[in-house]
Amino acid sequence: MAQHFPRSRRYFTNHLQDFDDKLTKESIQSRYQTDILQEIENVVGLIVSRVKADPRAEDGGLYVGLSGVAYGLFYASQSSNLSAETRRLCLTTAGGYLEASLEYCRKKSETRNSTGTAFLLGHLGVYVLAAVFFARTGKPEKSRQYIEKFISLHSMCKPVNFLSCGGDELLVGRAGYLCGALFLQQELGENVIPGHVIQTIVNSIIQSGRALASKLKSPSPLMYSYYDSLYLGAAHGLSAILQMLLVYSKFLDSEATKDVTAACYCLLSCETENNNYPACLNETRDHLWHWCHGSPGVIYFLIKASQVLKDEKFGDAALRAGGDNLWKHGLLLKGPGICHGVAGNGYAFLALYRATGQLKHLYRAHQFGQFMFAEEFTASARTPDCPFSLYEGWAGSLCFLVDLLDPENSSFPFFNVFK
């Protein structure tokens with residue numbers, strides 16, 4: 001019988017067996033491999049049977065639209081751990097979804113031009129995926145076409161106030177543009193995006209952050225808002241913006257470097273007693289344990305900051321952010337997804353495993369992966385609005401399952417801090 005949780009309850013009680021020091025990497029991987037392969041087959045079959053290549057399904061971009069489902073299947077198709085048949089099915093289906101998504105973008109480009117610059121919620125992300133997909137499938141001319149589309153849109157992001165809601169965050173703003181550029185460079189080569197394009201976006205983010213920080217007399221020299229909220233988390237907030245600026249730190253002059261560094265330490269100081277991060281600056285509650293809001297998303301910023309700033313404080317904070325409290329609170333009722341679901345929190349453990357090599361994090365990631373198919377979860381987890389999507393649903397969970405088979409090369413979609 002399904003359990004009925006109060007709406008205020010956000011997570012399952014974690015009764016999973018925790019890590020035993022006697023376990024080895026080989027024993028952990030071998031214990032779960034057969035189950036993961038079967039679960040991947042099941043998820044692929046579910047997606048292929050339920051999601052149709054309809055351009056109307058693209059509304060919502062990579063985040064909840066058809067292109068995000070295409071990305072999940074494309075990612076799976078690149079895994080040598082899957083059977084040749086499964087990989088072919090994933091690649092063929094992903095191609096069909098992508099073509100439908102591109103048709104949607106073509107039809108909407110004139111009437112909804114403001115969506116063109118949005119990475120996770122608009123056309124920009126579709127172009128990024130198309131550029132990589134066509135490069136991998138032997139169509140370099142088509143790949144170049146979408147790289148050029150991506151580059152051409154950067155000028156629209158230059159004006160500091162180009163979006164009235166706030167133009168710097170990850171889903172629709174300039175941090176998203178940098179995130180897309182990073183993905184293209186990681187997949188296709190460092191020189192695929194001209195330096196002046198990156199410089200333009202970085203300069204605008206710095207200028208925007210200084211202006212708001214000065215207006216608010218913020219403790220941080222850089223501050224950003226989205227719909228008038230001073231978010232800290234990865235989806236809309238300071239952590240992902242700073243993460244992208246750290247990635248492109250060579251484009252910062254000396255004064256910008258000082259401001260970014262000071263902003264990083266300001267965010268670090270927002271850690272709560274529970275080793276979490278509140279959704280917004282000056283908020284006292286720390287009840288959200290999501291990639292979008294909370295420590296599971298801030299972890300990626302902390303890892304990148306430890307790499308760039310060479311301060312162990314950030315690495316130590318990452319370990320706390322992905323420690324026992326995330327293990328306790330991370331089995332989210334909202335579903336399997338990577339934004340605010342179990343797979344997203346499992347990815348936080350995989351990130352810590354890559355950063356430290358500590359087997360405890362790998363084991364915990366596997367436990368979260370198995371829980372998504374446990375009777376308790378399937379009976380009582382809430383069904384997302386977009387149940388097969390990349391960020392809310394099973395396409396993102398598929399990426400997580402694939403990465404459990406190859407944890408040394410795992411990465412949250414578009415958020416690889418290790419390359």
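Let's start at the second largest pocket of this predicted model, whose lining splits into 10 nonpolar, 6 polar and 3 charged residues. The space inside the second largest pocket comes to about 330 Å³. In total, 19 residues line this second largest pocket, and the ones closest to its centre are Asn161, Gly166, Ser208, Leu212 and Ser225. Try finding those five in the structure above, and you'll have located the middle of the pocket.

Now for the largest pocket, which has a volume of about 510 Å³. Its lining is made up of 24 residues. If you want to find the centre of the largest pocket, look for Tyr75, Glu187, Asn409, Ser411 and Lys419, which lie nearest to it. Sorted by class, the lining of the largest pocket holds 10 nonpolar, 8 polar and 6 charged residues.

Which helices each supply at least two residues of that lining? They are helix 3 (66–77), helix 5 (123–136), helix 7 (174–188) and helix 17 (394–404). Some of these helices also pack against other helices, so let's follow them one by one, beginning with helix 3.

Helix 3 and helix 5 both contribute to the lining of the largest pocket, and they also touch each other. Their axes come within 10 Å and cross at roughly 30°. An angle under 35 degrees counts as roughly parallel, so that is how helix 3 and helix 5 are described. The crossing of this pair is left-handed. On the helix 3 side, the residues in the contact are Ser67, Ala70, Tyr71 and Phe74, and they meet Val126, Leu129, Val132, Phe133 and Arg136 of helix 5. Counting by class, you get 7 nonpolar residues, 1 polar and 1 charged in this contact.

Helix 5 has another partner: helix 6, which covers residues 140–152. Here the axes are 7 Å apart and the packing angle is about 155°. Because that angle is over 145 degrees, helix 5 is roughly antiparallel to helix 6. Once again we meet a left-handed crossing, with helix 5 passing helix 6. From helix 5, the contact takes in Leu124, Tyr127, Val128, Ala130, Ala131, Phe134 and Ala135. Facing them in helix 6 are Pro140, Lys142, Ser143, Tyr146, Ile147, Lys149 and Phe150. The contact between helix 5 and helix 6 divides into 11 nonpolar, 1 polar and 2 charged residues.

Last stop: helix 7, which helps to line the largest pocket and also packs against helix 9 (residues 238–247). How do these two helices sit relative to each other, given axes that come within 9 Å and cross at roughly 45°? They are oblique to each other, because an angle of that kind falls outside the parallel, antiparallel and perpendicular ranges. Helix 7 passes helix 9 in a left-handed crossing. Ala175, Leu178, Cys179 and Leu182 come from helix 7, and they meet Ile241, Met244 and Val247 in helix 9. By class, this contact has 7 nonpolar residues, with no polar and no charged ones.

Notes:
Residues are numbered from 1 along each chain as its sequence is written. This is a predicted model: local features need pLDDT of at least 70, side-chain atom pairs count only at pLDDT 80 or more; totals for chains, interfaces and linings use all residues. Side-chain values use heavy atoms; hydrogens and water are left out. On a 1 Å grid over the protein atoms alone, a cavity is a set of points where a 1.4 Å probe fits but cannot get out, and a pocket is an open set with protein on both sides within 12 Å along at least five of seven lines; lining residues have an atom within 4 Å of a point. Grid points are joined across faces, edges and corners, and a volume is the space filled by probe spheres set on the points. Helices (H or I, at least four residues) and strands (E, at least two) are DSSP runs, numbered from the N terminus. Ala, Val, Leu, Ile, Met, Phe, Trp, Tyr, Cys and Pro count as nonpolar, Asp, Glu, Lys and Arg as charged, and the others, Gly among them, as polar. Axes are lines fitted to C-alpha atoms, for helices over the stretch in contact, and angles run from 0 to 180 degrees between N-to-C directions. Angles under 35 degrees count as roughly parallel, over 145 as roughly antiparallel, 65 to 115 as roughly perpendicular and the rest as oblique. A crossing is left-handed if the near helix is turned anticlockwise from the far one by less than a right angle, and right-handed if clockwise. Contact means heavy atoms within 4.5 Å.
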